[in-house]
Amino acid sequence: MKMTKLTCLILFSLALTLPVRIAAAGDGKTIIEKNNCGTCHKMEGPAAKTFAEALSRKAPDLFYAGSKFQEEFLVEFSQKPYQIRPAGTLYLNHVKTVDGVDRIQDPPLCASRLSKEDAVLASKYLMTLKDPDMKIGVYKPGASFFKIGAKMIFTKSVACIGCHQVKKRGKIVGGTSGSSLYNAGSRLNGDWLSSYIRNPHYWDPMSPMPKWDLGEHAWMQLTNYIMEMKE
Ligand code: HEC
Ligand code: HEC
């Protein structure tokens, strides 16, 4: 076959775009592997089942990231992480009693520093890691709920606030043993949140968070209340 200048040009441009296409097709998974996210995060289940395993956990599990998070949060966070758990992944490991007072020492920050391009691909991959058994459509955004009632549960009757930080008139208040919830509405998936607060040990058998039997109505109230917490 005799190649015209045009066919040459077409073949040449195809050859140039090919590697780019292969990289774009994928590989979020490769990016996660290359950046060693798995040295700290569990990328495959099951979650820790013994106290010893939970004590040695360096970072939160990511093997159900697609059920737990909102994609935009993952894209932002994996480029520029910030502290979500004021006392680290496990409170016990980062609190020392000095002169009778508990002090938090050096809670580790996430080591992820992906470029924007890599963060987008890695997050796309993380969003595929879903638990097929999670009930979908439980959280109904905008459903009417009684904010004062929900706040009563959160701050008084169950006192979630004793372990979780939230924003009150622009100031961060609350306990430090759990994760901060002040931006939970832009970080977490509402259905996951609803599932976790009902039964934390389904997701993490060693979660220090207690389980309560509050009833359908209260769970709906709490889910809506927390999903309204946005930065
Ligand atoms: C050296 C250990 C380490 C490595 C490596 C690491 N992380 Fe993290 N990561 C952490 C810790 C510790 C936290 C918890 C920080 C907090 O809650 O304040 C965290 C938190 C996260 C969270 C939020 C999880 C949640 O439940 O709130 C995401 C998402 C995340 N990391 C993604 C990544 C990705 C993607 C990579 C690889 C590009 C990565 N991390 C590499 C230690 C690590
Ligand atoms: C005794 C302390 C304690 C109390 C009380 C408590 N929690 Fe938790 N909670 C925790 C801990 C510890 C975690 C695990 C954080 C992690 O995954 O690293 C957690 C996790 C969560 C999470 C998942 C957050 C995430 O980022 O992974 C949500 C949502 C939550 N709690 C909501 C609540 C609500 C709502 C209440 C009240 C009904 C409550 N918590 C009461 C300690 C507590």
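How many nonpolar, polar and charged residues does the shell around ligand 2 have? The shell has 15 nonpolar, 4 polar and 3 charged residues. The points below concern a predicted model, and they take ligand 2 before ligand 1.

1. Setting of ligand 2. The space that ligand 2 takes is the largest pocket. Two elements, α10 (190-198) and α12, each give two or more residues to the shell around this ligand. The largest share comes from α10, with 4 residues. In total, 22 residues surround ligand 2, and the closest are C160, C163, H164, R187 and M209.

2. Iron of ligand 2. The iron atom of ligand 2 has two protein donors, NE2 of H164 and SD of M209, at 2.0 to 2.1 Å. These donors come from distant parts of the chain, 45 residues apart. H164 lies in the loop between α8 (147-157) and β3 (165-168), whereas M209 lies in the loop between α11 (200-203) and α12 (216-227).

3. Geometry at the iron of ligand 2. Why is the arrangement around the iron atom of ligand 2 octahedral? The arrangement is octahedral because the 6 donor atoms subtend angles of 86 to 178 degrees. For comparison, the ideal angles for six octahedral donors are 90 or 180 degrees.

4. Polar contacts of ligand 2. Two arginine side chains approach oxygen atoms of ligand 2. An N or O atom in the side chain of R187 is 2.5 Å from an oxygen atom of the ligand, and for R85 the corresponding distance to an oxygen atom of ligand 2 is 2.6 Å. H164, already named as an iron donor, also has a polar side-chain atom 2.8 Å from a nitrogen atom of ligand 2.

5. Setting of ligand 1. Ligand 1 sits in the second largest pocket. It is surrounded by 24 residues, of which C37, C40, H41, R85 and C110 are the closest. By class, this shell divides into 13 nonpolar, 7 polar and 4 charged residues. R85 is thus among the closest residues to ligand 1, while its side chain also has an N or O atom 2.6 Å from an oxygen atom of ligand 2.

6. Iron of ligand 1. Which protein atoms are donors of the iron atom of ligand 1? They are NE2 of H41 and SG of C110, lying 2.0 to 2.3 Å from the metal. The pair links distant parts of the chain, 69 residues apart: H41 is in the loop between α2 (28-34) and α3 (51-55), and C110 is in the loop between β2 (101-104) and α7 (116-126). The 6 donor atoms around this iron subtend angles of 88 to 178 degrees, and the arrangement is therefore octahedral.

7. Polar contacts of ligand 1. A nitrogen atom of ligand 1 is 2.8 Å from an N or O atom in the side chain of H41. Oxygen atoms of the ligand also have side-chain partners: K68 has an N or O atom 2.9 Å from an oxygen atom of ligand 1, and Q83 has one at 3.0 Å from an oxygen atom of ligand 1.

8. Backbone of the loop between α2 and α3. This loop, which holds the iron donor H41, deserves a separate remark. P46 is placed in it, and a cis peptide bond with omega of about -5 degrees joins G45 and P46. N36 also has its place in the loop between α2 and α3. Although N36 is not a glycine, its phi is positive, at about 55 degrees.

Note on methods. Residues are numbered from 1 along each chain as its sequence is written. Chains are lettered from A and ligands numbered from 1 in the order in which they are written. This is a predicted model: local features need pLDDT of at least 70, side-chain atom pairs count only at pLDDT 80 or more; totals for chains, interfaces and linings use all residues. Side-chain values use heavy atoms; hydrogens and water are left out. A residue is near a molecule or strand if one of its heavy atoms lies within 4 Å of it. A polar contact is a pair of N or O atoms within 3.5 Å; within protein, one must be able to donate a hydrogen and the other to accept it, and residues adjacent in sequence count only if both atoms are side-chain atoms. On a 1 Å grid over the protein atoms alone, a cavity is a set of points where a 1.4 Å probe fits but cannot get out, and a pocket is an open set with protein on both sides within 12 Å along at least five of seven lines; lining residues have an atom within 4 Å of a point. A molecule sits in a cavity or pocket if more than half of its atoms lie within 2 Å of its grid points. Ala, Val, Leu, Ile, Met, Phe, Trp, Tyr, Cys and Pro count as nonpolar, Asp, Glu, Lys and Arg as charged, and the others, Gly among them, as polar. Donors are N, O and S atoms within 2.8 Å of the metal (3.2 Å for Na, K and Ca); water is not among the atoms, so sites may look incomplete. Four donors count as tetrahedral if all angles lie between 85 and 135 degrees; four count as square planar and six as octahedral if opposite donors are over 155 degrees apart and all others between 65 and 115; anything else is irregular.
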